[in-house]
Amino acid sequence: MYKKVKLASIISTLVLSATAYSAEMTVGFSQIGSESGWRAAETSVAKSEAQKRGIILKIADAQQKQENQIKAIRSFIAQGVDAIFIAPVVQTGWEPVLQEAKEAEIPVFLLDRNITVKDDGLFMTGVAADSVHEGEVAAQWLIKQQDGKPCNVVELQGTVGASVALDRKKGFLDTVSAVPTIKIIRTQSGDFTRSKGKEVMESFIKAENNGKNICAVYAHNDDMAIGAIQAIKEAGLKPGKDIKIISIDGVPDIFKAMMAGEANASVELTPNMAGPAFDALLAYKKDGALPPKLIKTESVLFEPESAEAQLELKKDMGY
Ligand code: AHR
């Protein structure tokens, strides 16, 4: 009898302490949506990183709209969450809602994109790559490939107003501008999606002598590059050969395309943005430690030689 009572009490203590521990910290995550393979991986990694640390993660999908993100943030404030993570769809327009979070004493963490605010005390830190550098890495790859040969580039930009689209454009443009033989002949947004990437590439091909004037595609993400590859094939050209493909993210499908000889290089962006943000949050809650304003992730360029190994590695990364 004593043993049974004792066991029941141990079990209930364990259940209670597990509940108390997980209830200790709730994070609201305003996610942009699921526009790309990378984005879906970031969401899935965020869930598993939260679980590893016993944190309750509430995710709100904004379907690519800033107004939905603002609503979600207000709802997280009303719920009294311990912290708010935001992957900001665009760079501007965040001041009022971040001020509300500050007044409610809820720390805000930015994931994978930057914002422009007058007072950077409105957020605790951002976990992101240097997107200007990503564009530079892509441009340097192309310059090396061309080795002085002329090249007309078409650019598929990300979402209009997104920091990563502005910065990836700047990094690439500034770098190729120093090489007069490389020219960006067309540039348009494909909104980071495969379908828009394909649609925009089709229009570029039509406008440029059925694609024959185009030497390379620079896509701000792999999904748009994959859409472009499809458009190139439908136009009777060979992607990766007739038209070089360079993009950003390092998602499994781009490595598959490299293995098929249809893509040439991708600058990897880790989908694990939430892990470092959770660590910074826990350190802050524990002893008030303030993280740096930017927790920078790496930007490594991968080419077809490493595609198979990369594909294997991605299996453990939420893809
Ligand atoms: O902000 C990161 C970018 O957003 C990724 O490169 C892209 O795939 C995503 O949609």
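In the ligand site, an N or O atom in the side chain of Arg168 lies 2.9 Å from an oxygen atom of the ligand. Taken alone, the ligand exposes 280 Å², and the protein buries 100% of that area. The model is predicted.

**Polar contacts of the ligand**

Further side chains make such pairs. For Arg113, the distance from an N or O atom of the side chain to an oxygen atom of the ligand is 2.8 Å. For Ser36, a polar side-chain atom is 3.0 Å from an oxygen atom of the ligand. The table sets out these distances.

| Residue | Side-chain atom | Ligand atom | Distance |
|---|---|---|---|
| Ser36 | polar atom | oxygen | 3.0 Å |
| Arg113 | N or O | oxygen | 2.8 Å |
| Arg168 | N or O | oxygen | 2.9 Å |

**The shell**

Which residues surround the ligand? Glu35, Ser36, Trp38 and Arg39 are among them. Asp112 and Arg113 also belong to the shell, as do Val164 and Arg168. Phe192, Asn221, Asp249 and Leu269 take part too.

By class, six residues of this shell are charged, four are nonpolar and two are polar. Two helices each supply at least two shell residues: H2, spanning 37-52, and H6, spanning 163-176.

**The cavity**

How many cavities of 30 Å³ or more does the count give? The count comes to one. The largest cavity has a volume of about 100 Å³. H2 and H6 are the elements that give two or more residues to its lining.

What takes up the space of the largest cavity? The ligand does. The cavity lining includes Ser36, Arg113 and Arg168. Acidic names in that lining include Glu35, Asp112 and Asp249. The lining of the largest cavity divides into six charged, four nonpolar and two polar residues.

**The largest pocket**

The model also has pockets to consider. The largest pocket has a volume of about 180 Å³. Lys102, Glu105, Ile106, Pro107 and Val108 help line this pocket. Gly121, Leu122, Phe123 and Met124 line it as well, together with Tyr284.

How do the pocket-lining residues divide by class? Seven are nonpolar, two are charged and one is polar. For the largest cavity, by comparison, the lining has four nonpolar and six charged residues.

Technical notes: Residues are numbered from 1 along each chain as its sequence is written. This is a predicted model: local features need pLDDT of at least 70, side-chain atom pairs count only at pLDDT 80 or more; totals for chains, interfaces and linings use all residues. Side-chain values use heavy atoms; hydrogens and water are left out. On a 1 Å grid over the protein atoms alone, a cavity is a set of points where a 1.4 Å probe fits but cannot get out, and a pocket is an open set with protein on both sides within 12 Å along at least five of seven lines; lining residues have an atom within 4 Å of a point. Grid points are joined across faces, edges and corners, and a volume is the space filled by probe spheres set on the points. Ala, Val, Leu, Ile, Met, Phe, Trp, Tyr, Cys and Pro count as nonpolar, Asp, Glu, Lys and Arg as charged, and the others, Gly among them, as polar. A residue is near a molecule or strand if one of its heavy atoms lies within 4 Å of it. A polar contact is a pair of N or O atoms within 3.5 Å; within protein, one must be able to donate a hydrogen and the other to accept it, and residues adjacent in sequence count only if both atoms are side-chain atoms. Accessible areas come from the Shrake-Rupley method with a 1.4 Å probe; for residues, only the protein chains shown count as cover. A molecule sits in a cavity or pocket if more than half of its atoms lie within 2 Å of its grid points. Helices (H or I, at least four residues) and strands (E, at least two) are DSSP runs, numbered from the N terminus.
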